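Here is a quick walk through one protein model, written for someone who would rather be at the bench. Have the structure open while you read.

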Amino acid sequence: MHYKYKVFNLICSSSIQLPSFISVEEEVKPDFEVVLGSVGPDFKIEPNVKKPFAHFNENEFYYQMPNIARYFVSNGNKVVIDPLCEDWDSILLFFYSNCIAAILFQRNLMPFHVSGVLDKNDGLWLFAAPSRTGKSTTALKLKEKGYTLFTDDTALITIENDSCVATASYPVLRAWENTLDNQQVYSYADAKQLRVEINKYGIAFHDDFVATSQKVKGIVFLEMRGDEIQIQKMKAIDGMKLLGDNIYRNNWVHGMNKQLLQFKTISAISQKVPFWKAVRPKNKLSFDSFADAIIEQIIEANGK
């Protein structure tokens, strides 16, 4: 039996169930397939990058997690999974976080490390920052205040019809324990620990997921420092640098020969979307007032 799903607006045909993705019923040609099989790996071209867990070139990507699985992604249209255990939660966790990113890069699509919410006028606001800076918590605080959660961790950002639009990944929130402790949208009963050894949890929100691309109204770069909340508009050239830092798996860009794609994508976005920097105190619980400042000084002041 084959299953069909949508992820990043791509249609996936899979021989196994992929519960984090959105199921589709219509008969459409898949953009890529997921199958089980033996992974060698079998490179047709010598890898540009050889790391302990990943070897890759522009169109072939090999990834292994010892005692979990081996994966091989090729030509933007096929993922082979070679399970090394029966722990399918872990097998799929590394598939979602790495293989799908490899598919996107191979298809000349650039994912960004962002969370995001939709305002009351369906304008999309994205939040970019390194892991554990507060992307998820900020988005959840805004959801508490009436905004719609768009994506938690990744999104494609592209230019379509002379507008900047973003496409969410899939409807799963991945939250650290302290994120769950600092919001009231979801409880621990809604969450499932992703791996025993880390305090990070997955929360599905399929019923509320917006699968279509949405117009981006602004990108906010989050930072922790100092003792006060600060909001400031950024110059496009400064935002471009930070946006490049927040490409998802940006350490793959050179080895996959995507430097030109990176430059073109970031340059185009910077011409269409304003940037802000939002700073919150590092050693003070301020997420509620931080969300209020973002609403007042960014979303409501610029969202019409």
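The notes below go through the nonpolar core, a covered strand and its partner, one lysine, and a pair of helices.

## The nonpolar core

Keep in mind that this is a predicted model. Its largest nonpolar core takes in 97 residues. If you want somewhere to start looking, try Leu18, Tyr71, Phe95 and Ile219, the residues with the most contacts inside that core. Helix α1, residues 88-106, supplies the largest share of the core, with 12 residues. There is also a second, separate core of six residues, and Val35, Val39, Phe72 and Val80 are among them. As a general backdrop, nonpolar side chains tend to be buried together in soluble globular proteins.

Tyr71 is worth a click. Leaving aside residues up to four places away in sequence, Tyr71 touches Val39, Phe61, Tyr62, Tyr63, Val80, Ile81, Ser90, Ile91, Phe94, Phe95 and Cys99. Two names on that contact list, Val39 and Val80, also turn up in the second core.

## A covered strand and its partner

Next, strand β15, which runs over residues 172-176. How many of its five residues are buried? Five of the five are, so the strand counts as mostly covered. Val172, Arg174 and Trp176 point one way from β15, while Leu173 and Ala175 point the other way.

β15 has a partner in strand β17, residues 198-204. The two pair in the antiparallel sense, over five bridges. In one of these pairings, Trp176 has Lys200 in β17 as its bridge partner.

## Lys200

Is Lys200, which sits in strand β17, buried or exposed? Lys200 has a relative accessible area of 18%, and because the cut-off for buried is under 20%, Lys200 counts as buried.

As for its neighbours, Lys200 touches Arg174, Ala175 and Trp176, and also Lys192, Gln193, Leu194 and Arg195, again not counting residues up to four places away in sequence. Along the chain, Lys200 and Ala175 are 25 residues apart, yet their C-alpha atoms are separated by 5.5 Å.

## Two packed helices

Last stop: helix α4 (residues 236-245) and helix α5 (residues 259-272). They pack at an angle of about 135°, and their axes are 10 Å apart. That angle makes α4 oblique to α5, because only angles over 145 degrees would count as roughly antiparallel. The crossing of α4 and α5 is right-handed.

Which residues meet here? From α4 come Ala236, Met240, Leu243 and Gly244. On the α5 side they meet Gln262, Ile266, Ser267, Ile269 and Ser270.

Definitions and conventions: Residues are numbered from 1 along each chain as its sequence is written. This is a predicted model: local features need pLDDT of at least 70, side-chain atom pairs count only at pLDDT 80 or more; totals for chains, interfaces and linings use all residues. Side-chain values use heavy atoms; hydrogens and water are left out. A nonpolar core is a set of buried Ala, Val, Leu, Ile, Met, Phe, Trp, Tyr and Cys residues joined through side-chain atoms within 4.5 Å. Buried means under 20% relative accessible area, exposed over 50%, partly exposed in between (1.4 Å probe, protein chains only). Helices (H or I, at least four residues) and strands (E, at least two) are DSSP runs, numbered from the N terminus. Contact means heavy atoms within 4.5 Å. Two strands pair if DSSP finds at least two bridges between them. Axes are lines fitted to C-alpha atoms, for helices over the stretch in contact, and angles run from 0 to 180 degrees between N-to-C directions. Angles under 35 degrees count as roughly parallel, over 145 as roughly antiparallel, 65 to 115 as roughly perpendicular and the rest as oblique. A crossing is left-handed if the near helix is turned anticlockwise from the far one by less than a right angle, and right-handed if clockwise.
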